[in-house]
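Student: Can we go through how the helices pack here, and then how the chains meet? I'd like the reasoning along with each answer.

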Number of protein chains: 2
Amino acid sequence: MASKFYIDNLAKHVGQTVTLQGWLYNLRSSGKIKFLLLRDGTGVCQGVMVKSVVGEEMFAKADQLTQESAFAMTGTVRAEQRAPGGFEMDVTNIEIISVAKEYPITPKEHGVEFLADRRHLWLRSSRQHAIMRVRHEIIRSIREFFAGRGFTLLDAPIFTPAACEGTSTLFETDYFDLGKAYLTQSGQLYGEAGAMALGKVYVFGPTFRAEKSKTRRHLTEFWMVEPEVAFNDLNDNMDLAEDFLEHIVSNVLKNRMPELKTLERNIQKLEAVKRPFPRITYDQAVEILQKNGVAFEWGNDLGATDETIISEQFDRPVFVHRYPSEVKAFYMKRDPQNPKVALAVDVLASEGYGEIIGGSQREDDYDVLLQRLKDHDLPQEAFDWYLDLRRFGSVPHSGFGLGIERTVSWICGLEHVRETIPFPRMIYRITP
Amino acid sequence: MASKFYIDNLAKHVGQTVTLQGWLYNLRSSGKIKFLLLRDGTGVCQGVMVKSVVGEEMFAKADQLTQESAFAMTGTVRAEQRAPGGFEMDVTNIEIISVAKEYPITPKEHGVEFLADRRHLWLRSSRQHAIMRVRHEIIRSIREFFAGRGFTLLDAPIFTPAACEGTSTLFETDYFDLGKAYLTQSGQLYGEAGAMALGKVYVFGPTFRAEKSKTRRHLTEFWMVEPEVAFNDLNDNMDLAEDFLEHIVSNVLKNRMPELKTLERNIQKLEAVKRPFPRITYDQAVEILQKNGVAFEWGNDLGATDETIISEQFDRPVFVHRYPSEVKAFYMKRDPQNPKVALAVDVLASEGYGEIIGGSQREDDYDVLLQRLKDHDLPQEAFDWYLDLRRFGSVPHSGFGLGIERTVSWICGLEHVRETIPFPRMIYRITP
């Protein structure tokens, strides 16, 4: 391990002779000089190979290298401001590790389905590298945020005996002698048990929806992070979400600027994501829609187009809170000031990216929650353990869920969530 | 948020009057003084309430507090070396938030099934807190380790079209018009694609086995972290695993000592987990077994008892490498020096905890891998994308998988993996 050199570390080796191992990204010949672009997963380095230095045989050997052939390249590291990454190598030797047959993804344009069928190779492109690194940074920042604030990670189960919100969109599997198990849609109910035990917890894992939605915002399998905090009310919940989003975006700006540039992201739009975020009620959102000529009726849920119109009024994410209780889940607490609305809050990302966070203060009264289960025709027995949280030391508490793929899509400025995860799963795709 | 005080932060508030919110852990009365133990998820703080200070009414109000009742306690923070956590509170006021009815988990002994049925409440015990915090720290350390070494997180898919190692132990679900999807048993094959793209990656997510094993080491749903590195051979792989385990254990020792003490863990055994770890071949392992009177035949896989005997020879984790290829997976590269053995390596944890890591150098030759698929009766078509990794720029590469729950079990010194995860799933348990 110690003897390996990586391109993202070349600054430490200027003037030294090192060996890089990787794949041929591109090869240009110009008479007696060859320019070999080697990628090693951490970056791309240009090797300059001069015939008079390496000799005819070595010079000719480089011609065997096709796109994505694996090879080792030895030479002296030199600072070169014009080079991507800032360094070049004066090549003294190359070793061919394996020659790639005709690599299917060429610099020409390919259709998205062609690329998606070759996702395992498509990941080698600089654009996909950039997205994966931003995804990595977002997830790293999320965990750092919670660990730094005394939250305990609470991994909720994937197999659940009952549904959080209806059963029509659940994947199911046989589970030994216990009947069916359903794949989780949200770890929230378990997060609530965790908050009563550990005060501040976050759930972070894959979640599943068997929804037949074929939009640019839907995956059947996606990752969600869900903090839950005892004694937090709706305002505390919004404060937390605000800190959280600012932390994520500012970390990506700080640590992944080259990647954002590769993606040609508008940096200024991200730099605007600063506290405080505007906070409007659902009622105010309805007013905005009506002023913009949308025939929107109070009581409906906001659709994707509505969210776009609302988010376009602001230069940063916007909180919309106090939705009609009818359109929200059974576990959300109603506003004591106005029981027609729930203490729910969504965050709409800027630039029309729509909802990235959904959350609420939870119903903490045993009798009210029991009635709500009945109103929603949910089986009381399956939720008996959840009711226990109101039987034994119930306290006000709140939480929210952030969808990772939608967040990656927003921060990277992508058109479709399918590029935000290494191997996307959609209703028509389960390979490779 | 800013106005909340937590017990793990009391050192900053000595001499100040603060309000803590939490649950009653215990209440002792001694004539004109009451001792209220409040837990808030971050710790436990003793409040000292003196009748002559708070008055008769307030003093009597405290008697309403049953175990796990929620309340707020206000008073002055005082350093007190003898107190758990080092601080006490001179109470001036309490507010009752909710009174718990008869809390089922009392300080008396309960059977494990009784507790497991009430897992959502059992998590409130100090022992379960300690385990969850150690789990959190292990996972935090793992991600820190890889992020610090330039690895990119690669979330592998949960839904897979084919099995990595046979289909008899797979959970399956209907997948729209595409037939069946199987829940992943390992993200490794996807990790390999990631390593060819990004050089150094790690996969980290839940994995699933529909195995009918009812042992203290088996869950149907468990978390696994799987690094994969291009250009690493078997020795590099062992170096990485060694650094990795030392990093995890030393972080837990550094950051979670109070929790280890709660668990009455033998600290010296953990302090011994230092590089270098012994590295023995499978052949040497067989010798050890035979010397210890086990009638072990060359060619068999090591069983749990065998692993215990081997690990007891050492004071730290031990690498066992170069297993008979017949007992290992199709994708493992054979040793060029001796094709009867695979370049596989397992790590057996110390103190008889058995295998926590399994890994190998991967087969990187297209023709050999193709033959191996045929030998194992695996459908070539399903693995065509995986073969692509050998068609286009194949390089030596290695990786391993670490089971999180077994690691938590080992580091915490537990008897059974069921306590290592918030909501364990076993063949006979899918609730709560």
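Student: At roughly what angle do the axes of α5(B) and α7(B) cross, and what does that make them: oblique or roughly antiparallel?
Tutor: Keep in mind that this is a predicted model. The axes of α5 (residues 126–148) and α7 (residues 234–255) of chain B come within 9 Å, crossing at roughly 135°. Only angles over 145 degrees count as roughly antiparallel, so α5(B) and α7(B) are oblique.

Student: What classes of residue make up the contact of α5(B) with α7(B)?
Tutor: The α5(B) side includes Ile138(B), Ile142(B) and Phe145(B), and the α7(B) side includes Phe244(B), His247(B) and Ile248(B). By class, the contact has 9 nonpolar, 4 polar and 4 charged residues.

Student: Over in chain A, which hand is the crossing of α5(A) and α14(A)?
Tutor: There the axes of α5 (residues 126–148) and α14 (residues 404–412) come within 10 Å and cross at roughly 120°. That pair is therefore oblique too. Ile131(A) and Val134(A) are among the α5(A) residues that meet α14(A), where Val408(A) and Ile411(A) are among the partners. As for hand, the crossing is right-handed.

Student: Now the interface: which residue of chain B meets Asp155(A) in a salt bridge?
Tutor: Chains A and B bury about 8100 Å² between them, 67% of it on carbon and sulfur atoms. Across that interface there are 4 salt bridges by the rule used. In one of them, at 2.8 Å from N to O, the side chain of Asp155(A) meets that of Arg135(B).

Methods
Residues are numbered from 1 along each chain as its sequence is written. Chains are lettered from A and ligands numbered from 1 in the order in which they are written. This is a predicted model: local features need pLDDT of at least 70, side-chain atom pairs count only at pLDDT 80 or more; totals for chains, interfaces and linings use all residues. Side-chain values use heavy atoms; hydrogens and water are left out. Axes are lines fitted to C-alpha atoms, for helices over the stretch in contact, and angles run from 0 to 180 degrees between N-to-C directions. Helices (H or I, at least four residues) and strands (E, at least two) are DSSP runs, numbered from the N terminus. Angles under 35 degrees count as roughly parallel, over 145 as roughly antiparallel, 65 to 115 as roughly perpendicular and the rest as oblique. Contact means heavy atoms within 4.5 Å. Ala, Val, Leu, Ile, Met, Phe, Trp, Tyr, Cys and Pro count as nonpolar, Asp, Glu, Lys and Arg as charged, and the others, Gly among them, as polar. Buried area is the accessible area (1.4 Å probe) that two parts lose on being put together, summed over both. A crossing is left-handed if the near helix is turned anticlockwise from the far one by less than a right angle, and right-handed if clockwise.
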